[in-house]
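The exercises below concern one protein chain. Each gives a task and then a solution in steps.

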Amino acid sequence: MPDRPVDTRTDEIAATFDRRARGYRDSDWHRASAARLVDLCGLKAGNRVLDAGTGTGFAALHAARQIGDQGHVVGVDISQGMLAEARAEADAGRLTNVEFIQCDATSLAQFANSAFDVVTAATSLIYIPVEKGLREWHRLLEAGGLMAFSTMTAGFPLGGRLFRECAAEYGVLIEDPCAPLGSADACRNALAAAGFVDAEVVTEPIQFTIRDIDRAWESNLRSLAHKAVGSLPSEAFSELQQRYEAVVAAEMRAAPARMLESPMLYAFARRG
Ligand SMILES: C[S@@+](CC[C@H](N)C(=O)[O-])C[C@H]1O[C@@H](n2cnc3c(N)ncnc32)[C@H](O)[C@@H]1O
């Protein structure tokens, strides 16, 4: 039996991602940045990998293709819908060294201390309580094991910032969900607070595709961080959508590179 999500906030996150699951695999930038995180880990054949907040399994599946038959990947997530997409891709790729489990990534009592060589968390830490998650993953890592997570620099992507600026014009004030962990210093501090050593942060641009830009309204609207726009009366809501789509189109004409690229943070540290 899958574990139950543990609290209201976790239930709400799971429900949000259940709704986003179908179509999430079309998110080209999520797929690319998860693959980049895994590539930067330098996995070896036989590694045991935990992917926390695996979603549709972008990082887990990419890792499974690198570690061979002797290795094993476990992807954990609270959203059954996201995991169904992950399992479908694993089956299509005939991958037998990866499994997906529905559970809270911050409470993994079913795994012993030191059960993994590498833990990845690709863009999932903006939803997962950072210190609780990192401490649990520290426990699960072998001495010298690698913790790796990715997150967006505060203020990015531009499509998200423009969404919040447009919402503010309609009186809906939304904080930047990437702000708390959105700098190299914040990533290093979070890793150190959880007991990790030798932290390093790589900042690299991630490219958005035209498909990502075409999905910008829908994906920003469905983001839990932006749920307050759902309280707008229907006329204002329609106006907001038109306004946002016009602003994005204008930005794409004026300075497409600003829309199509954002600085991602890739953070790494070791269990001492
Ligand atoms: C932005 S998605 C990232 C998914 C995937 N890692 C990727 O790179 O596309 C965040 C994921 O974290 C999951 N999540 C949020 N809180 C969680 C928790 N406490 N435990 C496990 N998964 C969680 C969500 O259900 C969602 O699938």
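Is S27 buried or exposed, and with what relative accessible area?

Solution. The model is a predicted one. Buried means under 20% relative accessible area. S27 has a relative accessible area of 3%, so S27 is buried. As for its place, S27 lies in the loop between α1 and α2. Setting aside neighbours within four places in sequence, the contacts of S27 are F58, D212 and R215.

**Exercise 2**

Task: describe how helix α2 meets helix α3, and classify the crossing.

Solution. Step one is the geometry. Helix α2 covers residues 28–41 and helix α3 covers residues 58–67; their axes come within 8 Å and cross at roughly 45°. Step two is the class. Angles under 35 degrees count as roughly parallel and 65 to 115 as roughly perpendicular. The crossing falls in neither range, which makes α2 oblique to α3. Step three is the hand: the crossing of α2 past α3 is right-handed.

Step four is the residues. On the α2 side the contact is made by H30, R31, A34, A35, V38 and D39. On the α3 side the residues are F58, A59, H62, A63 and Q66. Sorted by class, the residues of this contact are 6 nonpolar, 3 polar and 2 charged. F58 of α3 is also one of the contacts of S27.

**Exercise 3**

Task: do the same for helices α5 and α7.

Solution. Helix α7 spans residues 184–193, and its axis and that of α5 come within 9 Å, crossing at roughly 55°. By the cut-offs used above, α5 is therefore oblique to α7. The hand of the crossing of α5 past α7 is right-handed. From α5 the contact takes V130, E131, L134 and R135, and from α7 it takes A190, L191 and A193. By class there are 5 nonpolar and 2 charged residues, with no polar residue in the contact of α5 with α7.

**Exercise 4**

Task: how many aromatic pairs does a search of the whole structure find? Work through the pair F17 and Y127, then the pair F111 and F116.

Solution. The search finds 8 aromatic pairs. Planes over 60 degrees apart count as edge-to-face. For F17 and Y127 the ring centres are 5.0 Å apart and the planes stand at 90°, an edge-to-face pair. This pair links distant parts of the chain: F17 is in helix α1 (residues 8–20), while Y127 is in the loop between β4 (116–122) and α5 (130–140), 110 residues apart. Both F17 and Y127 are buried.

For F111 and F116 the ring centres are 5.3 Å apart and the planes are at 70°, so this pair is edge-to-face. F111 is buried because its relative accessible area is 14%. F116 is buried because its relative accessible area is 5%.

One aromatic cluster is formed by F163, W217, F237 and Y244.

**Exercise 5**

Task: which residues other than glycine, S114 and T123 among them, have a positive phi, and where do these two lie?

Solution. Phi of S114 is near 65°, and S114 is not a glycine. S114 sits in the loop between β3 (98–102) and β4. With a relative accessible area of 25%, S114 is partly exposed, because the buried class ends under 20% and the exposed class begins over 50%.

Phi of T123 is near 50°, again a positive value in a residue other than glycine. T123 is placed in the loop between β4 and α5. At 18% relative accessibility, T123 counts as buried. Y127 is in the loop between β4 and α5 as well.

**Exercise 6**

Task: what is the state of the peptide bond from F156 to P157, and where is P157?

Solution. The bond from F156 to P157 is cis, with omega near -5°. P157 lies in the loop between β5 (141–152) and α6 (158–169).

**Exercise 7**

Task: place A246, give its exposure, and state its separation from P180.

Solution. A246 belongs to helix α10 (residues 234–254). Its relative accessible area is 44%, so A246 is partly exposed. In sequence A246 and P180 are 66 residues apart; in space the C-alpha to C-alpha distance is 29 Å.

Conventions: Residues numbered from 1 in each chain as written. Predicted model: local features only at pLDDT ≥ 70, side-chain atom pairs only at ≥ 80, totals over all residues. Heavy atoms only, no water. Axes fitted to C-alpha atoms, helices over the stretch in contact; angles between N-to-C directions. Helix = DSSP H or I, 4+ residues; strand = E, 2+ residues; numbered from the N terminus. Parallel < 35°, antiparallel > 145°, perpendicular 65-115°, else oblique. Left-handed = near helix turned anticlockwise from the far one by under 90°. Contact = heavy atoms within 4.5 Å. Nonpolar A, V, L, I, M, F, W, Y, C, P; charged D, E, K, R; others polar. Phe/Tyr/Trp six-rings, centres within 6.5 Å; stacked < 30°, edge-to-face > 60°. Buried < 20%, exposed > 50% of the residue type's maximum accessible area, 1.4 Å probe, protein only.
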